[in-house]
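Visitor: Could you walk me through this model and tell me how its labels are earned?

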Amino acid sequence: MTTETSTPPAGAAPERGDFIREIVAADLRDGKHKTIVTRFPPEPNGYLHIGHVKAISINFGIARDFGGRCHLRFDDTNPTKEEQEYIDHIQEDIHWLGFDWGGHLYYASDYFEQLYQWAVYLIKAGKAYVDDLTADEIREHRGTLTEPGRHSPFRDRSIEENLDLFERMRAGEFPDGARVLRARIDMSSPNINLRDPVLYRILHADHPRTGDAWCIYPMYDFAHGQSDAIEGITHSLCSLEFEIHRPLYDWFIENLPVPARPRQIEFARLNVTYTVLSKRVLLRLVNDGFVRGWNDPRMPTIAGMRRRGFPAEGLRDFVAGVGVAKADNVIEFGQLEHAVRDVLNRTALRRFAVLDPLKVVIENYPEGQVEEMEVVNNPEDPSAGTRKVPFRRELWIEREDFMEEPPAKFFRLAPGREVRLRSAYFVTCTRVVKDAAGEVVELRCTYDPATRGGDSPDGRKPKATLHWISAAHATTAEVRLYDHLFTRPDPGAGGDLFADLNPNSETVLPGCQVEPTLADMPAGETVQFERLGYFCLDSDSTPGHPVFNRTLTLKDTWAKLQAQGRQG
RNA sequence: UGGCGAGUGGCCUAACGGUAAGGCACCUGACUCUGGAUCAGGGGAUUGAAGGUUCGAAUCCUUCCUCGCCAGCCA
């Protein structure tokens, strides 16, 4: 091989990246591979979550950066847990995230016949045997972490008998659990994975891809490495828990006539505070109705975060920002929020919406008059232009933007105080109207006609600017506020994970007042409700009943001050 | 107690024997028609511990400590 052919393609990533990229770069530089091939291998037994976003970004990202390719391969070796629905949604989620496998879509089940032949190959070599022990007996024979295992009484069957039995397993002669095929390696290995691991089990179950063609299925350990070899995967990048399995994968590769030798490199999986990333748990949250589905906006799934309004770019930025290493880690949720806000601040259109409306009547504003105020769509992006927002005598403002007896650092509206209504006028509160219960129901204000547009000729600068909406022009909407699904940063650490579920993870506000155009907002777009946060239209919306999800709040200095005040 | 892996400010990550860097978070200040954004500045690490090698160690060696993973016919 010449130096030229071993040189990474133009645009290849710098060699000083994370430790995996350094290995890949070195392999390319040394000519070990001309091009690299990675793979993302999900089991279709649930939806993809933020942890998978990291795995996807690593596998697809490295392939892209080094001019190689990344396969999507479903590891569908357990038909009792896998479903077509998951296969479909996983593909949709990866595409939405912004990655593509370019036609390289595979299934471990594509290789079932080859895998079977390789199992026969091992039997013929005296390296695999059919075991009649029950699952419990196999467990007993396996030994413990500190004691070696014992040989199964069936370990020394003849090759002929093993061949016959394995064939009859495939033919469906035996019920589930009656027999398994095991590798014949070392029952006293300190690595338990090498103590004659099960290769095949009998499962009379319909497979989403192969239907009833098979009633024996390979274990993941027997399928994964060989599938990589078949596809010519050069770098098999996976999480740390498979590190201990690597000697077994290597054993298969060495003892089977496979066409290639993939190299497995492990990295630490992602953990996020206040979040659980266990498909088992997520499945239970869905099945037991703790959430409304895999795409519930509170779920850490790609589908959930998408519905919540997190942009794909924010998710990609987030995992890029946390890096790739081998040390266990727990990323603060705030880091995810930062990545999402960073994207949204640049891209989200600004809109007015009032979550908890308080009526304001501007007494000196002409009854029946309407003015179209010009409002900037995104101060971070002039090309987003402006829009017209109608202004009238009766408005809604946010209830929490008014205090009858304001504390020292409260800058917003109060009796006798002047504030700016964004892009409109300065108004001063002249009177507070209360109901019989003493509840504030309306504010009477005056406005200064000279401040049209939001600036005063005399240079007055109110300390606060409020968002507002014309009562006559507003559309009523439901807004759903979200908080962490779990109340503690380390859910389950107290012993009972489900006791840590946050009963207030969702708050529904039925009577919000929003700009009318928001009801026709395109799906998948997230906007900023000025001063409140980022929001997107939810799929639960119906004509005449728009529903918004709060994606995230804006950073809120005032809320922080209030929280500190409460504590001390 | 067996094997494998990992320990760097509150949370991540970098440093490839040459004197601890960056992001998030936090705290100031400036600016601001979003208490947002932006800008400027700041505090905070005897690199798990103890020895050793070296002119020099987060990096190399030794011992110890702590944490994670492995005893599915799950992946």
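Guide: Happy to; we will take the cavity and then the RNA, bearing in mind that this is a predicted model.

Visitor: How do you know how many cavities count here?

Guide: With a floor of 30 Å³, the count comes to 1 cavity. The largest cavity has a volume of about 90 Å³, so it passes that floor. It is called a cavity because a 1.4 Å probe fits there but cannot get out.

Visitor: What makes a residue part of the lining of the largest cavity?

Guide: A lining residue has an atom within 4 Å of a cavity point. Gly225, Asp228, Tyr249 and Arg263 are among those that line the largest cavity. Two or more lining residues come from each of α8 (220–231), α9 (246–255) and β9 (263–267), and α9 has the largest share, with 3 residues. By class, the lining holds 3 nonpolar, 3 polar and 3 charged residues.

Visitor: Why is Thr77 said to make a polar contact with RNA strand B?

Guide: The cut-off for a pair of N or O atoms is 3.5 Å. A polar side-chain atom of Thr77 lies 2.7 Å from a phosphate oxygen of RNA strand B, so the pair qualifies. Lys560 qualifies too, because its polar side-chain atom is 2.8 Å from a phosphate oxygen of the strand. For Asp328 the partner is a sugar or linking oxygen, at 3.2 Å, and therefore also within the cut-off.

Visitor: Which element gives the most to the surface near RNA strand B?

Guide: That is α14, with 5 residues. In total, 69 residues surround the strand, and Glu22 and Arg412 are among the closest.

Technical notes:
Residues are numbered from 1 along each chain as its sequence is written. Chains are lettered from A and ligands numbered from 1 in the order in which they are written. This is a predicted model: local features need pLDDT of at least 70, side-chain atom pairs count only at pLDDT 80 or more; totals for chains, interfaces and linings use all residues. Side-chain values use heavy atoms; hydrogens and water are left out. On a 1 Å grid over the protein atoms alone, a cavity is a set of points where a 1.4 Å probe fits but cannot get out, and a pocket is an open set with protein on both sides within 12 Å along at least five of seven lines; lining residues have an atom within 4 Å of a point. Grid points are joined across faces, edges and corners, and a volume is the space filled by probe spheres set on the points. Helices (H or I, at least four residues) and strands (E, at least two) are DSSP runs, numbered from the N terminus. Ala, Val, Leu, Ile, Met, Phe, Trp, Tyr, Cys and Pro count as nonpolar, Asp, Glu, Lys and Arg as charged, and the others, Gly among them, as polar. A residue is near a molecule or strand if one of its heavy atoms lies within 4 Å of it. A polar contact is a pair of N or O atoms within 3.5 Å; within protein, one must be able to donate a hydrogen and the other to accept it, and residues adjacent in sequence count only if both atoms are side-chain atoms.
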